[in-house]
Amino acid sequence: MSILAPDNALLKKAEVEAEQVVSLLRIAVALGLLAMFFLAVKGSNSSPENYLRRQWVFAVATMSSYLLVGMISLWMARTGRIRSWMVWPLVTVDCLFMLVNAWVGLANTGLPGELTFILPPTWLVPVIFGFTVLRFNPYLQAYCVAVIAVGLAALSLWQPEEVTPFIVERAQILLSGPPNIIRVTMIALGGVVLVVAAWRTRRLVHRSITEAQQKANLTRYLPAQLAHRLAEASLDNLRRGERQNMAVLFIDIRGFTRWSQGRDPQEVGSYITDFRSRVQGCSDASGGMIDKFMGDAAMVLFEGDEAATRAIDCASALKKSMANWSDVRQEKGEDAVLVGIGLHWGEVFSGVVGDPQRLEYTVFGDTVNIAARLEQLTKQEKQGIIVSAAVLQAASVAPASQGWIPLPAAELRGRSGGIEIFGRG
């Protein structure tokens, strides 16, 4: 049965959700910067010089453009027009918004590149990094860091054609109240973006923990292999099922119904718990998969590499474990434990059946029926284990080499001819 990679539709949905959040934050950042910019400019008492006017006009134009980018990206995300590749140019726009503003600031003021980091636009770096973190893409984050680092390094080497005598005065203006208000605003906005990123991360971690707990709860009722398969495979594929070769093992306690009559329910429950615990241990050790427990019986499946060999090993381990358990009980003066084990190899159908309200993984076919019949024959043939020749052949086992003795061919209802079988103990 094929195990699917994470659902592309779910990944796409997560990407769209992340882009919606980033777009909303991009709009909030643009509006916040515009608002604080006008407040800072309004609070300036001095008449601005020409270079400051040019700086303000460019700042308003770029922030308005950035607001427009945020609105367009939000519209595309909400209408399903966003594509995975579009995230890269959007990140580039975020980086260029900061770098171009910083470069224009240097060019307009005539400041050398060594003073790049006193320009307010450079304080947008935390905001841009926060935007990228929200996308949970390490490659995108590395790209963003590289663009900003290379861009800022290049700006720091910038030298104007003519160094003006007003460098100190203009640097002082850039360190005055209004620019500092813009810086504080950018730091606050960066903090907001990182708070949102932390909140989304926490929500995703919480969802992952919840799903892990649900999966752990599921394994209490289903084998771990099935819980993993049911969690990751598509329901349509599971319902279609598949035919495959498996080893099917049945084990049943002899005389359990008679023994349990009139006994205290707690004693019966403890007895069954001990039995199932031993079956589970042997199954786990041999890579088996317990399909179901049925009272005092169990059905164990083996698939994959060396399935037949592992099934035979499991049958031998079960026989030994049950014998040890019986010895312990008899030492305490309690009844002995006798079990019958039947094992067969062949083709089965495996898949999910049922309606959406109740689904059940099942394995059925002649192979299952024959394995169950062989377990029943252990009483008649007075054997602890009966296996078919098919499972020994699949495991490349010569019967005589491992103490398997031939038994009369098993005649099964609905089948012509008998099945060659072997017993032990």
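**Annotated membrane spans and an internal cavity**

In the predicted model, residues 56-75 are 100% helix and 0% strand, and the C-alpha atoms at the two ends of this span lie 28 Å apart. The span is one of those that the unreviewed UniProt entry lists under the feature "transmembrane region". The record places the feature at residues 21-41, 56-75, 87-106, 118-136, 143-160 and 180-199. Residues 143-160 were also examined: helix accounts for 78% of this stretch and strand for 0%, with 29 Å between the end C-alpha atoms.

Across the protein chain, 14 helices and eight strands were assigned. The chain has 425 residues, of which 43% count as buried. Among contacts with a separation of 6 or more, 72% are accounted for by residues 24 or more positions apart. The accessible surface of the chain amounts to about 22600 Å², and carbon and sulfur atoms contribute 59% of that area.

A search for enclosed space returned one cavity of 30 Å³ or more. The space in this largest cavity is about 30 Å³. Its lining consists of Val-29, Tyr-66, Phe-97, Leu-124, Val-127, Ile-128 and Phe-131. By residue class, the lining comprises seven nonpolar residues, with no polar and no charged ones. Helix 4 (residues 125-133) supplies three residues, the largest share of the lining. Tyr-66, a lining residue, falls within residues 56-75, the span that is 100% helix.

Key:
Residues are numbered from 1 along each chain as its sequence is written. This is a predicted model: local features need pLDDT of at least 70, side-chain atom pairs count only at pLDDT 80 or more; totals for chains, interfaces and linings use all residues. Side-chain values use heavy atoms; hydrogens and water are left out. Helices (H or I, at least four residues) and strands (E, at least two) are DSSP runs, numbered from the N terminus. Buried means under 20% relative accessible area, exposed over 50%, partly exposed in between (1.4 Å probe, protein chains only). Contact means heavy atoms within 4.5 Å. Accessible areas come from the Shrake-Rupley method with a 1.4 Å probe; for residues, only the protein chains shown count as cover. On a 1 Å grid over the protein atoms alone, a cavity is a set of points where a 1.4 Å probe fits but cannot get out, and a pocket is an open set with protein on both sides within 12 Å along at least five of seven lines; lining residues have an atom within 4 Å of a point. Grid points are joined across faces, edges and corners, and a volume is the space filled by probe spheres set on the points. Ala, Val, Leu, Ile, Met, Phe, Trp, Tyr, Cys and Pro count as nonpolar, Asp, Glu, Lys and Arg as charged, and the others, Gly among them, as polar. UniProt positions are given in the numbering used here, feature names are shortened, and annotations may be inferred rather than shown by experiment.
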